[in-house]
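Q: Got a minute to walk through this one with me? Let me pull it up so that we can both see it.
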Amino acid sequence: MSMRMGSIDASRQAEVAARLRQTLPEASVLHDEEDTRPYECDGLSAYRELPMVVALPANEGEVQAVLKTCNDLNVKVIARGAGTGLSGGALPSGEGVLLSTAKMGKILHLDPVARTARVQPGVRNLSITEAAAPYGLYFAPDPSSQIACTIGGNVAENAGGVHCLKYGLTVHNVMRVRGVTIAGDVVELGAEALDAPGYDLLAAVVGSEGMLAVITEVTVRLIPKPELAQCILAAYDDVEKAGNAVADMIAVGIIPAGLEMMDQPATRAVEEFVHANYPLDAKAILLCESDGTPEEVAEEIERMTEVLRRSGATEIRVSRDEAERLKFWAGRKAAFPAVGRISPDYYCMDGTIPRRRLGEMLHAIAELEKKYRLRCPNVFHAGDGNLHPLILFDANDPDELHRTEQFAAEVLELSVAFGGTVTGEHGVGIEKINQMCVQFSPDELEMFRGVKRAFDPPGLLNPDKNIPTLHRCAEYGKMHVHRGQLPHPELPRF
Amino acid sequence: MSDAVTALAATLRAAAESGRRLRVRGGGTKDFYGQSLDGEVLDTRSNAGIVAYEPTELVVTVRGGTRLAELEAVLAEKGQMLAFEPPHFGADATVGGAVAAGLSGPRRQSAGALRDFVLGVRILDGGGRDLSFGGQVMKNVAGYDVSRLLAGSLGTLGVILEVSLKVLPVPVTETTLRLELPEDKAIETMNRWGGKPLPVSATAWTGGDLGVRLSGAEAAVRAARAKIGGEVVDDARARAFWTGIREHTDPFFGPSVPLWRVSVPSAAASIGIPGDQLVEWGGSLRWLATGADARVIRDLAAKAGGHATLFRGGDKAVGVFHPLAPAIARIHANLKREFDPQGILNRGRMYPDF
């Protein structure tokens, strides 16, 4: 999490910029520091590096030109959407070109009958839903950054949101991606039909963090907006009881449209910020949403309430109208900024674990708070076991920074040990690259590198992210946790 | 590593060394599917059984050689199911074979395809290396999504040892309706329903009859029934009907003319080729029983934004799978080389050149 300032080779920079200007308009190639500074980091602002050159292609032809030029000159290319990513996936390189999709922000075609939208990569997530709204349709993935984040970034990161359990991730809602390889080939992956011949290359590209191809067009699936949504807020006097309620819900065969949990420190931080009227004495709260036809929702809310009551909820509120439902959600959606107000910095993790280990994980995090003398409120997508513990720290205090990194590493490694993953939806990027050495064996990492070679033989697209080199793993010195078994299960971990 | 896996890995390593080609096979129920069968049979069925099943996690991890019917029975006991309704094409179908074939049944239009439910895989690659990708959790973006890449790869990239699948609760209630509609009206109607929040879980049109299955909460199914109209099919007949569509035992699939699977955008107009047709998946899947020229069929499918597969019968010399664009074909060849450098696994099963 240290600051990095890459030094830029001025003659190389001049060469690359001049070559790019042969095919791109002058104003679409930036290299003055005052112009490139805004691109030095993404949402993971602890990592910064000035890009050598920034290219702003306005169409597929220009993307092709940038990639061909970079391939010729052997320059790395890092693609960037809105830069809202939380794992440093769009962290630039002082030796590379940052390719921004900001000039490709058009919705090309919306077909209300076939329920698809063909859009350029720089289109914002929420604007797709806004364009589809008149037809009673919407785009399901709704990451909390949806007002700003772009569809290209959503595809690159396989973005999730609060409704994934029922409506899936980006991979489930994207039908076709058009992109350009480093060789300059235009490729179409997937189709506007429900499948395409050959290997499922679309699946490989979704979540590939810009390492396989640069996306120039995306066809998304639109789904009918449910007639009604209603939300239950349930309070618990014990975190583990809330965790168990989640499992109970699934056990009776209910798949809520959203199922979120916040612990008491998170609830309190949020309440001060947005006044969502959350119960402040509760150790944890659950938000449980039902959607569908009015009849369906009435039936499901009744079943949900019954489950929550049996699991020991101390208070249950059902949203009486849309305003109240949005108020319930406002708090959850504002969790990150709210926490940002009570601490100079926070570090957000993204591990996913099997739901039944939620209680255990929360106890482990509480122990780690003591061990590292740092506070850590928790918010999570409880329905899919995706945790977002937020470690509060002050980046100006080097020791706190160091303790935060160790704290985070322990949580992520524990996620792997519990049979989960170091990242559910934020991506590996630069941030969790060391923990990849824990989650995967050397052979598995080598196969990932093989997948990259298949698309990008010279290895120029966003290198040094996502997949660590064996050398890096050796330096990190952590063992691969084999299929959820800790190396010494007999040793206490905290 | 179990004895079965050790033995499979040893066979693969030896075959890779000698360049001996292997034909990965479970129950052999899908031997008819694909370009060509080449190599000595590598039977995966010694590696069978359910590794982990926790209904509250909505995830089951199962060995590749497990019979699909056995897995489905275990899930049914807990009121859960494989929502993509994989076709078996025979009692011996295995889970590994279903994943390798990547085929989904009638519920695909609403629930998603097999690939959408694959959360993780453990494979032996062409060199016999034991590799795991993905996991047992719903959300996982660590590394590339190799698990989904394996789904539908027809055994050309690796032997599936284990797969973790997302499972879903069985719908509380299901009702099937039958409506009389000509093809164009049926396609239009299915697309209109698709744009509405209706609990339509499957559709199948043939010969002027449209079957619609509604699945979900009692109240939702009741309300949708009123909106859609048509005549209610009794439960036993409805179940038999959808099984017939999934397993290709329906009379439509009877004749021995070549069967084409044409995948197109849901609202695409009728393909317009002489012969019988069955339309599924809200209009996205068109089964054609026709002796028409392969080039004509492929051309029409491509013009509609889709592709055509010679699913069963006919002359495979025309190519079973739709030809790939050159840049895409190169990526395929590269991937094959990374997963199976000696080219010993299911050579030619998907495309003749790998």
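Q: How many residues does each chain put into the contact between chain B and chain A?
A: In this predicted model, chain B gives 66 residues and chain A gives 82 residues. Two residues are in contact if their C-beta atoms, placed from the backbone, lie within 7 Å.

Q: And which elements of chain B give two or more residues to that side?
A: Among them are helix 5 (114-117), strand 7 (130-134), helix 7 (183-194) and helix 11 (326-339) of chain B. Helix 11 of chain B gives the largest share, seven residues. Helices (H or I, at least four residues) and strands (E, at least two) are DSSP runs, numbered from the N terminus.

Q: What's the mix by class on the side of chain B that touches chain A?
A: That side has 31 nonpolar, 23 polar and 12 charged residues. Ala, Val, Leu, Ile, Met, Phe, Trp, Tyr, Cys and Pro count as nonpolar, Asp, Glu, Lys and Arg as charged, and the others, Gly among them, as polar.

Q: Before I go on, what are the numbering and confidence rules?
A: Residues are numbered from 1 along each chain as its sequence is written, while chains are lettered from A and ligands numbered from 1 in the order in which they are written. As this is a predicted model, local features need pLDDT of at least 70 and side-chain atom pairs count only at pLDDT 80 or more, but totals for chains, interfaces and linings use all residues.

Q: OK, what does pLDDT look like for chain A?
A: Chain A averages 92, and 95% of the residues score at least 70. That's the predictor's confidence in each residue, from 0 to 100. Over residues 483-494 of chain A, pLDDT stays under 50, and the model has 11 contacts beyond four places in sequence for them.

Q: Switching to strand 13 of chain A: how many of its residues are buried?
A: Six of its six residues are buried, meaning 20 or more other C-beta atoms lie within 10 Å of a residue's own (exposed is 12 or fewer, partly exposed is in between, and C-beta atoms are placed from the backbone). Gly258(A), Glu260(A) and Met262(A) are on one side, with Leu259(A), Met261(A) and Asp263(A) on the other.

Q: Which strands does strand 13 of chain A pair with?
A: Strand 14 (residues 284-292) of chain A is one, antiparallel with six bridges, and there Met262(A) has Ile285(A) as its bridge partner. Strand 17 of chain A is another, also antiparallel, over two bridges, with Met261(A) opposite Phe380(A). Pairing takes at least two bridges found by DSSP between the strands.

Q: Which residues of helix 13 of chain A are buried?
A: In helix 13 (residues 335-342), Ala335(A), Ala338(A) and Val339(A) are buried. Down the helix axis, the buried residues of helix 13 of chain A fall within an arc of 95 degrees, so they line one face of the helix. The arc is that of the directions from the helix axis to the C-beta atoms. Their cover includes strand 13 (258-263) and helix 10 (264-274) of chain A.

Q: Last thing: where is Asn466(A), and is it buried or exposed?
A: Asn466(A) sits in the loop between helix 17 (442-455) and helix 18 (470-476) of chain A. Asn466(A) is buried, with 27 other C-beta atoms within 10 Å. Its phi is positive, about 65 degrees, although Asn466(A) is not a glycine.
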